[in-house]
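User: I have a model open and would like to go through its helix packing and its cores with you. Can we start with the helices?

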Amino acid sequence: MTTPTVTAGVAPPVPGLADVHGLRLDERVAVRYPELPPQERRGADALLEHFGDLATYTAAELATLAGVSKATMSRLFRDLGFEDFTQVRDHVRGLRQHGLPVVLGDAPDLDAHAATEAAAVRAAVTGLAAHLDAVADLLAHAPRVLVVGLRSSYPVALHLRQQLTQVRPHVTLLPQPGQSWSEDVVDLSPQDAVVLVAFRRRPPGVRALAERLRAGGTPVVLLADPTAQALAAYATWWLECPVQARGAFDSYAAASSVVAALADAVLARRGRTGEQRVAAIDSAYRTLGEVEAR
């Protein structure tokens, strides 16, 4: 009889069960669930119920929560394609590194949180220094600037557009609500500029957009986290902003800091024209009553 080959660190497929290697934990449960014995189903229910904070438990604690034995949980892990619970935890941590909100610890340590944020801001600003002059010159003097952001990137893109439009005209945010972006990018020229805000968990269309902009010769400033390596091949400049935080959700503190520094640099390059625009907008605020009176 031929002995099946087992790759190190990966449990062999369980006879009679569909192969689920390469799937996310919750997807593995969904595929295997109909074939699991009743006790293992209870364990699977516990995994799904605590999916968001799974890494904070031990295998014994999960067994208790499910009302099953530790041996049952061990069989379940193997049926899901893992050797043991350590692999399950590593799998969940890997999901977090790709942006999936997963709790990796107990109550947040605010001092550690602040230290992590400060380190991320420092890293992003250090990276910005190498490109600041070229990017600020582009955004200050290009005839048109398009700022593009989807999903979690949209708030950062919105903030950048709001800052830039204070100091220069013709800054457009894409996509507009309910709209596509093809109508706005088709007329771009090599003299215009695009800021592509593209943090992880990006829609696939972002890469197609980057490819088109590169082919058309339009300068692209990519504002993104370290997972954007593939996109960076199509960008003129990549402003790398870490988003990995200690908690379940990504942090955009570094990105906001880069936006502020970049807007300051653009204002400086707009000179008197930029200052006059700032003053005119401030006057309009007061005339229209859009902001609180000082």
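User: How do the axes of helix α3 and α4 cross?
Analyst: In this predicted model, the axes of α3 (residues 59–66) and α4 come within 9 Å and cross at roughly 105°, with axes being lines fitted to C-alpha atoms over the stretch in contact and angles running from 0 to 180 degrees between N-to-C directions. The two helices, which are DSSP runs of H or I with at least four residues, are therefore roughly perpendicular to each other, a label that covers 65 to 115 degrees.

User: And which residues make the contact?
Analyst: A59, A60, L62 and A63 of α3 meet K70, M73 and F77 of α4, where contact means heavy atoms within 4.5 Å.

User: Which residues of α4 are buried?
Analyst: In α4 (residues 70–79) they are T72, M73, L76, F77 and D79, buried being under 20% relative accessible area with a 1.4 Å probe, protein chains only. They lie on the same side of α4 because they cover an arc of only 160° around the axis, taken from the directions from the helix axis to the C-beta atoms.

User: Switching to V147, what is it in contact with further off in sequence?
Analyst: Leaving aside neighbours within four places in sequence, the partners of V147 include L160, L164, V195 and V197.

User: Any caveats on numbering and confidence?
Analyst: Residues are numbered from 1 along each chain as its sequence is written, and side-chain values use heavy atoms, without hydrogens and water. Local features need pLDDT of at least 70 and side-chain atom pairs count only at pLDDT 80 or more, while totals for chains, interfaces and linings use all residues.

Terms used:
Buried < 20%, exposed > 50% of the residue type's maximum accessible area, 1.4 Å probe, protein only. Parallel < 35°, antiparallel > 145°, perpendicular 65-115°, else oblique.
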